[in-house]
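Colleague: Thanks for making time today! Could we go through this model together, starting with the strands and ending with the whole chain?

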Amino acid sequence: MKQWFINRYLFSSQENALSEVQQVNYETAKTLFSALDDNTAFSHIKADTFDLYVQTPNGKIPFEYLSSGYKSIISILISVIKEIEYRFKETEIRVQEFDGIILIDEIELHLHPVWQSKIIEILKSTFPKVQFIVTTHSPHVIQNASRDEIISLNLIDQNVVSRELPSTDYGFQGWTIEEVLEDVMGMPDTSSVLLQGFLKQYTDAISSKDKIEVERVYAELDKMLHPNNHLRKLLSFDLTRLS
């Protein structure tokens, strides 16, 4: 990817060195350094070492100093452009006009959740006519997909099968991460094992009307739960009723 980009950078300023399509594709590739973050952009190629530098809020740094996730996505996007040019040398295709099929495995690897939620739209906007087939284990990627774009695969009796999914006109864009994890990805419970254990102890203590045990477990849950967790009010209400 870097070799292709550096080549285009060096020849872009030479008259007639690049075709019109190659120049357009190179300009598109330059914009992709800002695809995930508007505060990051392509800066320059260092003449003596051919190192690729990017402009960041912390100054100009070598491309290799970016996070693994950022480098991964930029590499994927620019590599697609490179492959389009290499595979269609005779016809020359602007990347915006390419209408083939592209497969990407584990699209979310190394990406911060904020970027996971953006990556599908970036692919669509950069390559508007491409059909992408991607795999993911990220609820953030699924949550931001449009209707009928998700196929959930399960392994049952050594056979890969497709699960029938509930959905809406907006796909899963109105669902919470927990709802996606449970109803789309088949996760039985989004709580930690420790929290599940405490909640069972609390329920058992309530059922047996063991006030001392209820208060003990409630004290542990009070230390564990998020400050705004709705369970706090429900558990407190049960404790009040028992008193």
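Colleague: Which residue in β2 does Ile45 stand opposite?

Modeller: Happy to help, and keep in mind that this is a predicted model. Strand β1 covers residues 41–45 and runs antiparallel to β2, with four bridges joining them. Across from Ile45, the residue in β2 is Leu52.

Colleague: How many residues lie between β1 and β2 in their hairpin?

Modeller: The turn of this hairpin includes Phe50, which has a positive phi of about 60°. As for the length of the link between β1 and β2, the count is six residues.

Colleague: And on the β3 side, what is the bridge partner of Gln55?

Modeller: β2 also pairs with strand β3, residues 59–62, through four bridges in an antiparallel arrangement. These two strands form a hairpin with two residues between them. Within β3, the partner of Gln55 is Lys60.

Colleague: How many of the five residues of β2 are buried?

Modeller: Here buried means under 20% relative accessible area. Over the chain, buried residues make up 32% of the 243 residues. Strand β2, residues 52–56, is mostly covered, and its buried residues number four.

Colleague: Zooming out, what radius of gyration does the protein chain have?

Modeller: Along its principal axes, the C-alpha trace spans about 85 × 45 × 30 Å. For a compact globule of 243 residues one would expect a radius of gyration near 18 Å, but the value for this chain is 25 Å.

Methods:
Residues numbered from 1 in each chain as written. Predicted model: local features only at pLDDT ≥ 70, side-chain atom pairs only at ≥ 80, totals over all residues. Heavy atoms only, no water. Rg over C-alpha atoms; globule rule 2.2 N^0.38 Å. Buried < 20%, exposed > 50% of the residue type's maximum accessible area, 1.4 Å probe, protein only. Pairing = 2+ DSSP bridges.
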